[in-house]
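This report describes how side chains are arranged in one protein chain. Please consult the sequence and the structure shown below while reading.

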Amino acid sequence: MPVESILRGRNTDVGGLPVTRVLPQAKRRSVGPFVFVDHMGPATLQPDHSLDVRPHPHIGLATVTYLFDGAIVHRDSTGCVQRIEPGDVNWMTAGRGIVHSERTPDDLRGIASAVHGVQTWVALPLESEDAEPSFIHCPARDLPVVRRPGATVRVIAGHAFGQRSPVPVLSETLYCALEMEPQAALEIGPEHAESALLVASGHVTIDGQPAQPGDLVILAGASTVVAAAPAQLMLLGGAPLGERFLYWNFVASSRERIEAAKQQWTAYATPAGSTQFPQVPGETEFIPLPAR
């Protein structure tokens, strides 16, 4: 069966890091619970430039950071400070509201450093939209690894290939990192309602159709991936959660929730502060609500 479609992302910039935004698009708003996918890099940050994503808010989602190269320090309003390195998983559940920053670690500032990874947003089920904010770090050594001829699959979240990640999820989720050697072929089963492959590096064919870095390939069912060269891919999907509204960093099941969050973030900079969004310990900066 041919693939359903191939989405090509648009280039943008986040905190000085070049990224390719592949989801959402007009043609596709979500894949399973995933409502946002950014492919970060690959890029080399020069000695006079660091990644500095200032504190900003989220509601109604879980952010998931996964790196192939480099390191990032996460800080959030729960008081968590966590360095993430290749193969680790940072899973932050915003729930009713959280604030966080992402920056280059101090030991990598002033030198050239590589960054390559993927950041995704997973929508929360309706009953979890007002959940308590939380953060979970899972080191690479704790994630299940499935080996196939010429291919390695790391199960980041949810379940796949007969394995389940220890990262807790709130809905049916598929999220894996794939590494493939040249000419390796990998069969992907149809166990999830929706699924897609993001090509992070290398060139592959998926059910006979060529795909290049930055492509998000929406699968139509069981699929076969063949690598023409060494390749890194992300397999994502799961059960869809229904319509979600997105504005800036906010995800919600209603426009009213979005509007309330906008008002609360505007209040963040006032002396009274915000009742929804606490301060991030150790941070004094923040990103203002965009005008549009």
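How many aromatic pairs does the count come to? The model examined here is a predicted one, and the count comes to ten aromatic pairs.

## Aromatic pairs

One of these pairs is formed by F36 and W121, whose rings are stacked, with 4.0 Å from centre to centre and 15° between the planes. F36 belongs to strand β4 (residues 34-45) and W121 to strand β11 (residues 113-123), so this pair ties together parts that are 85 residues apart in sequence. Both partners are withdrawn from the surface by the accessibility criterion: F36 is buried, with a relative accessible area of 6%, and W121 counts as buried at 4% relative accessibility.

A pair with another geometry is that of W265 and F277. Their ring centres lie 5.7 Å apart and their planes stand at 85°; because planes over 60 degrees apart count as edge-to-face, the pair of W265 and F277 is placed in that class. W265 lies in helix α1 (residues 255-268), while F277 lies in the segment after α1, and the two are twelve residues apart. W265 and F277 are both buried. The two also take part in one aromatic cluster, formed by W248, F250, W265, Y268, F277 and F286.

An aromatic ring also meets a charge in this model. The charged end of K262 sits over the ring of Y247, at 4.4 Å from the ring centre.

## Nonpolar cores

The largest nonpolar core contains 29 residues, and those with the most contacts inside it are V89, W91, I156, Y175, L216, M234 and L236. Strand β6 (residues 61-69) gives the most to this core, contributing four residues. A second core, separate from this one, has 26 residues, including V146, A160, I188 and V199.

Which residues does I156 touch, not counting residues up to four places away in sequence? With that exclusion, the contacts of I156 are Y66, V89, L143, S165, V167, Y175, C176, A177 and M234. Among them, V89, Y175 and M234 are listed with I156 as residues with the most contacts inside the largest core.

Strand β6 also holds T63. Is T63 buried or exposed? T63 has a relative accessible area of 3%, and because buried means under 20%, T63 is classed as buried. When residues up to four places away in sequence are left out, T63 touches H58, N90, W91, M92, T120 and W121. T63 thereby contacts W121, the stacking partner of F36.

## Salt bridges

Side chains of opposite charge can pair when their charged atoms come close. The count for this model comes to 15 salt bridges. One of them joins R21 and D38, with the closest N and O atoms 2.7 Å apart. R21 is in strand β3 (residues 17-23) and D38 in strand β4, so the pair links distant parts of the chain, 17 residues apart. Both R21 and D38 are buried.

A salt bridge between R257 and D130 has an N to O distance of 3.0 Å. R257 lies in helix α1 and D130 in the loop between β11 and β12 (134-138), so this contact ties together parts that are 127 residues apart in sequence. R257 counts as partly exposed at 31% relative accessibility, and D130 counts as partly exposed at 49%. R83 and E85 form a further salt bridge, with the closest N and O atoms 2.8 Å apart. R83 is partly exposed, with a relative accessible area of 30%, and E85 is partly exposed at 35%.

Some charged residues are joined in a network: D52, R103, D106, R109, E283 and E285 are linked by salt bridges.

## Cysteines

A disulfide is a covalent bond between the sulfur atoms of two cysteines. How many disulfides does the count come to? The count comes to zero disulfides. C138 is in no disulfide, and the nearest cysteine sulfur, that of C176, is 13 Å away. Because a disulfide requires sulfur atoms within 2.5 Å, this 13 Å separation does not qualify.

C176 is likewise in no disulfide, with the sulfur of C138 as its nearest cysteine sulfur. C138 is buried, with a relative accessible area of 6%, and C176 is buried, with a relative accessible area of 0%. C176 is also among the residues touched by I156.

Technical notes
Residues numbered from 1 in each chain as written. Predicted model: local features only at pLDDT ≥ 70, side-chain atom pairs only at ≥ 80, totals over all residues. Heavy atoms only, no water. Core = buried A, V, L, I, M, F, W, Y, C linked by side-chain atoms within 4.5 Å. Buried < 20%, exposed > 50% of the residue type's maximum accessible area, 1.4 Å probe, protein only. Contact = heavy atoms within 4.5 Å. Phe/Tyr/Trp six-rings, centres within 6.5 Å; stacked < 30°, edge-to-face > 60°. Lys NZ or Arg CZ within 6 Å of the ring centre and 35° of its normal. Salt bridge = Lys/Arg side-chain N within 4 Å of Asp/Glu carboxyl O.
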